[in-house]
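Trainee: Could we go through this model together? I would like to start with the overall picture and then look at particular residues.

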Amino acid sequence: MTRGLRQRIIWATSLQLLLVSGAVGGMAYFSGQRSGFSHAEAYRQQQAITDLSHQLSGRLTAPRLVNNLNALAIEQGQLSLNDFEAMGRRFWSQMQFFPLGYINWGSTQGEFLGVERLDTGTFVLNEDAFSSPLGKGTLGVYALGPKGQRGQLLETIPDMTASHEEAWYIETVKAGKARWSSIYQWEDKPEVLAISYNQPIYGSNHQLLGVIGIDFVLSQLDTWLAEVWKDQNGFALIVESDGMVVASSRPGFSSTGTGDDVKRVRLDQIPDPLVQGARRRLLARGPAGALPARPSGIHWTKRQTPRQAIELRGHTYIVDLHPWGEAEGLNWLLITAIRSDQIVQASQRHALIALLLSLGAVATAMAVTIRVGNWLLAPLELLRRRCQTATELVGRESSVLTFEPQLPKGTATEIEAVSEAFGALVNRLIRARRQLAEATERERLSDAQTLLLLEDKLKSSLHAAAIAHEINLPLSTLLLNSKLLLNPSNPPLPAPLGSHLSSIADNAEAVVTTIEKMRTLLRNVQTHHQRINLANVARSALLYVAPSLKAAGITVQREGLEISSAVMGDAAQIQIALVNLLRNAREALDTAASNTASGMDCTAAGDPPTIAVGLRDAGGDHLVLTVADNGPGFQAPELPLGPLETSKPQGSGLGLFVVRTTMDNHRGTMDIGRSALGGAEVRLRFPKASPQTNPEPTEQIGPSQHD
């Protein structure tokens, strides 16, 4: 068997592709069968719905056709509106050939003639006319002979209305054209619900003569719908757009009650669970569960998934919805439900077979992948452990660095080549390590000398700090006792003694301040840099000196202290430098105020004493922090000051030197000059922190000794 990695990968990948393609092919085959069953079932359902729709259209086409023929006969004079007997025979003969429930005529004088098909299949004549034996106002119901002639009087219905108040007449007259009426109850038989196609009849002078129409009795439509749908397990419903049921293949779904209490049923009022399940799946509900009203010109459309499956009592029903009747002038909905257990079960069975086939193929492919993975990863894991061992040996100076490039038999040739390359690399590392050890030995002496110099410098700094602490302790005691003696609450001292004590206190305080500045310089020897926010440090320094600035009546201006300003530095050192600059500015403004009191105005333009602290991005890789005032300014800003050098009469010469030393420790620069306020300005330029530096900590800067 070949040991090449390329051939192994090709072999494993091909096998997996073969398994997956076989699974996909099997799924496609069974899915095709499932789709075929589904299409066959859908065709069967669609055929049943189409047959129902065509037959229903045929039944509703007949009223329009017969009504148009009668209107044409009246217009051409073949049918006299005054000969009710001839009109009755014509209506009877038409009902012999067409599936009509009622043909009627109503005049503007309130005369009425109608031929009715009873549920038993027999015909009766309903007449209310001036020429009737009963006279106008009483409806007579007569049997019809074998040729449509008037027969025996069967029933009389008195107190008929003087004019026709039913929907078939009123709506047609109002529309002035042929149309379907709304569903209404008969005046003489309130238990009958009907819809009629009617047409107004006009004379030669366009004067209304009456209305001729054909009723479609809904109970007969229920009977017909039940007969058509009897071979289907489910139901068929015809519903209006307002949710009211027109007809149903199941009894009791269209109306409730009897006689004068007959009421139509709304779709959501039918207590059948299958009907309610179909309604929830197929239709959006409007107020009170009815279908939402639609504006004129907008037609009902199916949802994106019109055909839905419903599980009910262990059976599967396919429910569907079709808008119907637009061609007939009716906007009805045809809702159907057909039981399809066998098709659904077969579809589910084939889907399960396809799923099991795909899972088997995936499991086999995973087994092949694991086998190939082990063949690849086992030698790689051995190579990794050997490399890790060699890495650990590199960190031990006294250890002997070794590496075994030989791998187990059967390893892929490409992995063996990688192992040999690592072996060669380790050999070169051994030689380089030997050379580095020799070079390190040569440089050891010079490195030792450098370390001794650094240790001497650190020891000197620590000794100086210890000496400063020893001097500061008695001086602080002397200063404290002097101030206690000079406390205003004590009895007054003699004038010479008080003057000498004040001089002693001032000189002691100056010496203490100088010692603290020297300790600050010594602290700068040991700098601990970390990522800090320069704006936070500046705000902390201002907070520290705020009481003294407020007591001196100095206004503080801040600019740019809200920007993000990350630098690498020692927050305590930078705060000490800023406090020294702020104190220098305060002392300069105090001097200017004293000169003003003596008659010399030394502030810029006589403005109130002001200190401005600003932070800005100088562009590139630097941030600039400035401290400015409107005092007298530097007398010779171009001359750098060294330690113990000062331009102030009572200065120590350490303030600006501390600032400059701090900037040197932070690889920054300090510039002094004239500010825009008219006084002194010190500009501190810091390098920005790189984005790769550790996240910025929160600076916790406490009170310190500053000057």
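Mentor: What follows takes the chain as a whole, then its cores and cavities, and then some single residues.

Trainee: How confident is the predictor, on average?

Mentor: This is a predicted model, and the average pLDDT over the chain is 76, with 71% of the residues scoring at least 70.

Trainee: Where does pLDDT stay under 50?

Mentor: Residues 285-290 form one such stretch, with 13 contacts beyond four places in sequence in the model. Another is 292-305, for which there are 23 contacts of that kind. Where pLDDT is low, the predicted coordinates should not be read in detail.

Trainee: How many helices and strands does the chain have?

Mentor: There are 11 helices and 23 strands. Of the 707 residues, 41% are buried. Taking contacts between residues at least 6 apart in sequence, 58% join residues at least 24 apart.

Trainee: On to the interior. Which residues of the largest nonpolar core touch the most other members?

Mentor: They are Leu578, Leu582, Ile611, Leu625, Leu684 and Phe686, out of 33 residues in that core. In soluble globular proteins, nonpolar side chains tend to be buried together.

Trainee: And which element gives the most to this core?

Mentor: Helix α10 does, with nine residues. The elements that each supply at least two residues are α9 (534-551), α10 (571-597), β20 (610-617), β21 (622-629), α11 (655-665) and β23 (680-687). A separate core of 25 residues includes Leu81, Met95, Leu100 and Leu125.

Trainee: What does leucine 684 touch, beyond four places in sequence?

Mentor: Its contacts are Leu578, Leu581, Leu623, Val624, Leu625, Val659, Met663, Thr669 and Met670.

Trainee: Changing topic: how many cavities of 30 Å³ or more are there?

Mentor: The count is four, and the largest has a volume of about 210 Å³.

Trainee: What lines the largest one?

Mentor: Its lining has 18 residues, and those closest to the centre are Phe112, Met160, Glu166, Glu187 and Asp188. By class, the lining divides into seven nonpolar, five polar and six charged residues.

Trainee: Let us stay with glutamate 166. Is it buried or exposed?

Mentor: Glutamate 166 counts as buried, because its relative accessibility is 15%, under the 20% cut-off. Its place is in the loop between β5 (150-157) and α3 (167-175). Beyond four places in sequence, glutamate 166 touches Tyr184, Gln185, Trp186, Glu187 and Asp188. Glu187 and Asp188 also appear with Glu166 among the lining residues closest to the cavity centre.

Trainee: And asparagine 68, where does that lie?

Mentor: Asparagine 68 lies in helix α1 (residues 5-75). At 38% relative accessibility, asparagine 68 counts as partly exposed. Outside its neighbours within four places in sequence, asparagine 68 is in contact with Tyr197 and Gln199. Its C-alpha atom is 9.4 Å from that of glycine 213, 145 residues apart along the chain.

Trainee: Lastly, the backbone. Which residues should I look at for positive phi?

Mentor: Histidine 206, which is not a glycine, has a positive phi of about 60°. Arginine 667 also has a positive phi, near 55°. Most residues other than glycine have a negative phi, and most peptide bonds are trans.

Trainee: Where are those two placed?

Mentor: Histidine 206 is in the loop between β8 (193-202) and β9 (208-217), and is exposed, with a relative accessible area of 68%. Arginine 667 is in the loop between α11 and β22 (669-674), and counts as exposed at 68% relative accessibility.

Note on methods. Residues are numbered from 1 along each chain as its sequence is written. This is a predicted model: local features need pLDDT of at least 70, side-chain atom pairs count only at pLDDT 80 or more; totals for chains, interfaces and linings use all residues. Side-chain values use heavy atoms; hydrogens and water are left out. Helices (H or I, at least four residues) and strands (E, at least two) are DSSP runs, numbered from the N terminus. Buried means under 20% relative accessible area, exposed over 50%, partly exposed in between (1.4 Å probe, protein chains only). Contact means heavy atoms within 4.5 Å. A nonpolar core is a set of buried Ala, Val, Leu, Ile, Met, Phe, Trp, Tyr and Cys residues joined through side-chain atoms within 4.5 Å. On a 1 Å grid over the protein atoms alone, a cavity is a set of points where a 1.4 Å probe fits but cannot get out, and a pocket is an open set with protein on both sides within 12 Å along at least five of seven lines; lining residues have an atom within 4 Å of a point. Grid points are joined across faces, edges and corners, and a volume is the space filled by probe spheres set on the points. Ala, Val, Leu, Ile, Met, Phe, Trp, Tyr, Cys and Pro count as nonpolar, Asp, Glu, Lys and Arg as charged, and the others, Gly among them, as polar. pLDDT is the predictor's confidence in each residue, from 0 to 100.
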